Amino acid sequence: MSNAPPVAPSLLGLLFRVKARTILNRLRLTVQEAPVRLTATVFLVAVIWVGLYGMFYLVFEQLRRTPLEATVAIPLVFNFFFAAMLVLLTFSNAVIAYGALFGKEEAAYLLAAPITPLDVVTLKYWETLIMASWALVLLGFPLMLAMADLTAQRVFYVLFLAFFLAFIPIPAALGVLLAWSAARFFPRRLLRPLSVGAGVVLSAALLFGIRALHVGDSATEEWLRSFQSRMAFVQSAFLPNNWVALGIDRAMNEQIAESVLYLGVTAANGLFLTWLVVRVVARRLDTALDRASGSRGSGRRFPSPAAGGLSGLLFFYLPTSLRLVAAKDLRTFFRDPLQWSQLAILFGLLALYLTNMPTLRVQLSGWGWYLVIPFLNLCAVSLILATFTCRFVFPLVSLEGRKLWLVGLLPVPRGDILIAKFAFAMTVTLLVALTTMIVAMVILKLAVVWAAIHVVVTVAICFGLCGFSVGIGARLPMFRESNAARIANGLGGTTNLLASITLVALVLSAVGSATWRARYLPDSAIPDTGSLLLCSAAVVLSFGAGALALTLGRRHFDRVEV
Amino acid sequence: MNPDESVPAIHLTGVRKAYGKKVAVQDLSLAIPRGELFAFLGPNGAGKTTTIKMIVGLLQPQAGELRVCGHQIGANGLAAKAQLAYVPDQPFLYEKLTGREFLYFVAEMYGIPPSRRDQTLALLERKLDITEFVDQLTESYSHGMKQRVVLAAALLHEPTVLVVDEPMVGLDPKTIRTVKNLFVEHARRGGTVFMSTHTLDIAEAVADRIGIIHRGRLIAIGSLGELRAQARREHSLEEIFLQLTEEEHE
């Protein structure tokens, strides 16, 4: 037995080749099976990218017109950008690394094979780095290119790209170290409260930092001094964000040698940290894996009132049997961190932006800003809602697939179950969307008529998007699939995504046109008949489309066989 | 391969593992020689999977020592792992690889030259009846298809020790028979099979020796005849199993 030849010392090359093969197969499959989705994704990413580039270009151009402010602000913009990225990427890398090292069967499979822990950790480090850093690439490249375009020197393109590549390994290494420490030193039952605590502290720190930017009149010397002293903490010589910001600053001022020196400092530290972390984690991976995978669940007990408590309050208008279904979905929503955290992050960022609105130094009465900013808020809320409903609401019906016999045995018509799912989706989306919109309108002191229009449009968009997701989810389900992400990526999911984007685009076009018309009215606080008609059409369209999708979905769901 | 054939293929001495206050495995000692098909039985939560994960090096014992073919797991883990193959209860496959791509990956991982790989693979394809779907992406496989490909991957490098956790769950009768034959054949060729199972009929039919673990302790070990003697009853393994675990419970 076992004629196995001696095992090669490192199989890293083989592991990378296998990963490359899986990516290639995935890409080939996507091109064959979902070309529309792929095209839509590439198009939307391009739109976001070009939009960001344009925005950054305008900001930098504006700053450069006032040399004094530019001298202070541009290095700070970069310093803050990379400081924020350092923190966000570290956490994002930590979450991904934890899943990759301790949550997936792959790591266990590889560690049970004759592969060294060093190879496994190196592979997972690169996987984590790539998966966590693509957002920085999406956000950062337009920022860098906008700056490079304004400086008009080709060497900047190379330098800026090099700074990015040199910077990314630092948060990746810190993230992997954080994930390993969490697995090694904290029992599972403590991880959830610790993560929530860290999130709260991080949010509070972020809020405090942003608040610190907006104190007093920015036109005075006193403000400038106070501002500089407040910002000193991100400009520490030991922080990588400062090396990158200084490097870019020197490059902008044509001090290329110094810029390259800072690039070298960043790269050297990034490489050394990576080398150190990968080795430390690999050396003690067995004990961390042992603690992370040792216990079965947290053992935490969840009180489960059938449909009382919060569910009873939120779904009071539903009959008991449907309230039970809605309560089940609500419970699943709160117990799945992926769902609520995504919604919380999206709307948290929006709330952050809203709380800083009062400091906006824009004459709101000029150029129709008074109406344009609330409209932009409506756009942001609508797009976030579309993302949420396509990713989380759409798979709800398909996920019932193998349990349909159970839900189907309830003494209610099967189609009514869709109503319960729709009620759940409407309640969650309306709560967050309306709260955000109302807070924004109060802060902006929007006229009552326009405020009412925006509230009605928000309700209509929620209705339309939830109707699409539940209706199309029931009409084009994937009952045999248990992975929600795959359900959202299937034919039905793609149809729903395109339908949702089209609906949002149509509604926003109508409301946008109404806003545009109102700018030319003597009293823009009161819309004219044309504006009212446009908004009413948008509302009718959204309600009608949602109701139609629900009806079609219900008809199909009543007779579906699993 | 260890030159000393008398060294047990799997050797556990005083192994203990606890999760917090819950003791999963307590003072477990076992010596399984080469060429033996060993069935590891126990009720749910008895410590079977924990023991298996310690044997393959995924969990660390808090006390005691584990050796595979004389190599200590942990200190000389890679040498031990080169001698064994592990099939978990939930088979792992890369979803975006075809079965064949996965099998080639495993072959390369164990340093098997292409000519030997193709020869062994052709044999396993026939035995496990995977030819029809081995070139499809594994994400389209049913549980039984996955299990067959994972078994082919496990046997590809002709391991000395094959560790399998609940291998028969979700398999159709024909595949169960194929898998049973493969295990018996592997043991007859001098390999060792360590199999945890709930399917007592299979253990009764193929195992050379049976170990029963209950609440982390090995409460009985031996051939079916020896277990019957220990239970003082001339009955089926099912009745012996229930009697022993209930006695222990009382």
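The following exchange discusses a predicted model, with attention to chains A and B.

Modeller: Residues are numbered from 1 along each chain as its sequence is written, while chains are lettered from A and ligands numbered from 1 in the order in which they are written. Because the model is predicted, local features need pLDDT of at least 70 and side-chain atom pairs count only at pLDDT 80 or more, whereas totals for chains, interfaces and linings use all residues.

Biologist: How many helices does chain A have?

Modeller: Helices are DSSP runs of H or I with at least four residues, and strands are E runs of at least two, both numbered from the N terminus. Chain A has zero strands, and its number of helices is 23.

Biologist: What percentage of the residues in chain A is buried?

Modeller: A residue is buried if 20 or more other C-beta atoms, placed from the backbone, lie within 10 Å of its own, exposed if 12 or fewer, and partly exposed in between. Of the 562 residues in chain A, the buried share is 38%.

Biologist: Is α5(B) largely enclosed by the rest of the structure or open, and how many of its residues are buried?

Modeller: The helix α5(B) has 14 residues and reaches 20 Å from its first C-alpha to its last, close to the 20 Å expected (1.5 Å times one less than the number of residues). Its buried residues include Met145(B), Gln147(B) and Arg148(B), and their cover includes α3 (99–109) and β7 of chain B. The helix is largely enclosed, because the buried residues number 11 of the 14.

Biologist: Which residue takes a positive phi just after α5(B)?

Modeller: The residue lies in the loop between α5 and β7 (161–165) of chain B. With 18 C-beta neighbours inside 10 Å, it counts as partly exposed. Its phi is about 50° although it is not a glycine, and the residue just after α5(B) is Glu158(B).

Biologist: Do β9(B) and β10(B) run parallel or antiparallel?

Modeller: Strands pair if DSSP finds at least two bridges between them. Five bridges join β9(B) to strand β10 (residues 217–222) of chain B, and His214(B) stands opposite Arg217(B) in β10(B). The direction of these two strands is antiparallel.

Biologist: Which residue in the hairpin of β9(B) and β10(B) takes a positive phi?

Modeller: The hairpin has two residues between the strands. The phi in question is near 50°, and the residue is Arg215(B).

Biologist: What is the bridge partner of Ala39(B) in β9(B)?

Modeller: Four bridges join strand β3 (residues 37–41) of chain B to β9(B), and these strands run parallel. In β9(B), five of the six residues are buried. The partner of Ala39(B) is Ile210(B).

Terms used
Two residues are in contact if their C-beta atoms, placed from the backbone, lie within 7 Å.
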